[in-house]
Amino acid sequence: MARPIAETPIITGEDARRFEEAMENLQPASEERKREIRESYELFKSRATFPMP
């Protein structure tokens, strides 16, 4: 049987302020970064020994 999932701790103080600021100033990934991510995914997919979509 699976173990229960522990609650996620609440962030406070400076960490909370930085997190909130980061969420308010989201910027989309550049096309170059998206290409790098796609290439990494394809590399891992080619080496996987289990089924991947």
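**Entry 1: a word I need first**

Partly exposed means a relative accessible area between the buried limit, under 20%, and the exposed limit, over 50%. I looked up K34 with that in mind: its relative accessibility is 35%, so K34 counts as partly exposed. Note to self: this is a predicted model.

**Entry 2: the whole chain**

I started with the secondary structure and found two helices and zero strands. Next I checked how spread out the chain is. A compact globule of 53 residues would have a radius of gyration near 10 Å, yet I read 18 Å for this chain. I also fitted a box along the principal axes, and the C-alpha atoms fill roughly 45 × 45 × 15 Å.

How much of the chain is made up of buried residues? I got 0% of the 53 residues. The exposed area of the chain comes to about 5,700 Å², and carbon and sulfur atoms supply 58% of that.

**Entry 3: charges**

I counted 9 positive and 11 negative charges, and their mean positions sit 9 Å apart. Opposite charges on side chains can pair when the charged atoms come close. So I went looking for pairs, and a search of the whole structure turned up seven salt bridges. I wrote up three of them below.

**Entry 4: a pair in α1**

My pick here was E14 with R18, a salt bridge whose closest N and O atoms are 3.9 Å apart. The cut-off is within 4 Å, so this pair counts. Why are E14 and R18 separated by about one helical turn? Because they are four residues apart in helix α1. I checked exposure too: E14 is partly exposed at 43% relative accessibility, and R18 is partly exposed at 44%.

**Entry 5: two pairs in α2**

I moved on to helix α2, residues 31–47, where E31 and K34 lie three residues apart, about one turn of the helix. Their side chains meet in a salt bridge, 3.6 Å from N to O. Is E31 buried or exposed? E31 is exposed, with a relative accessible area of 58%, while its partner K34 is partly exposed at 35%.

Then I looked at E39 and R35, which form a salt bridge with the closest N and O atoms 3.0 Å apart. Both lie in helix α2, four residues apart, about one turn of the helix. E39 comes out partly exposed at 46% relative accessibility, and R35 is partly exposed with a relative accessible area of 38%. I also found a network: salt bridges that share partners join E14, D15, R17, R18 and E21. E14 and R18 from my earlier entry belong to that network.

**Entry 6: a nonpolar patch**

Which residues form a nonpolar patch on the surface? I found I11, F19, M23 and L26, with about 420 Å² of accessible area together. I11 is in the segment before α1, a helix that covers 13–24. A patch residue needs over 30% relative accessible area. I11 has 43%, so it clears that cut-off and counts as partly exposed.

**Entry 7: P9**

Last stop was P9, which also has its place in the segment before α1. P9 has a relative accessible area of 65%, so it is exposed. I compared its position with N25: the two are 16 residues apart in sequence and 23 Å apart in space, C-alpha to C-alpha.

How values were computed. Residues are numbered from 1 along each chain as its sequence is written. This is a predicted model: local features need pLDDT of at least 70, side-chain atom pairs count only at pLDDT 80 or more; totals for chains, interfaces and linings use all residues. Side-chain values use heavy atoms; hydrogens and water are left out. The radius of gyration is taken over C-alpha atoms; the globule rule is 2.2 Å times the number of residues to the power 0.38. Buried means under 20% relative accessible area, exposed over 50%, partly exposed in between (1.4 Å probe, protein chains only). Accessible areas come from the Shrake-Rupley method with a 1.4 Å probe; for residues, only the protein chains shown count as cover. Lys and Arg count as positive and Asp and Glu as negative; His and the chain ends are not counted. The place of a charge is taken as NZ of Lys, CZ of Arg, CG of Asp or CD of Glu. Patches are made of residues with over 30% relative accessible area and no salt bridge: like charges are joined within 9 Å, nonpolar side chains (Val, Leu, Ile, Met, Phe, Trp, Tyr) within 5 Å.
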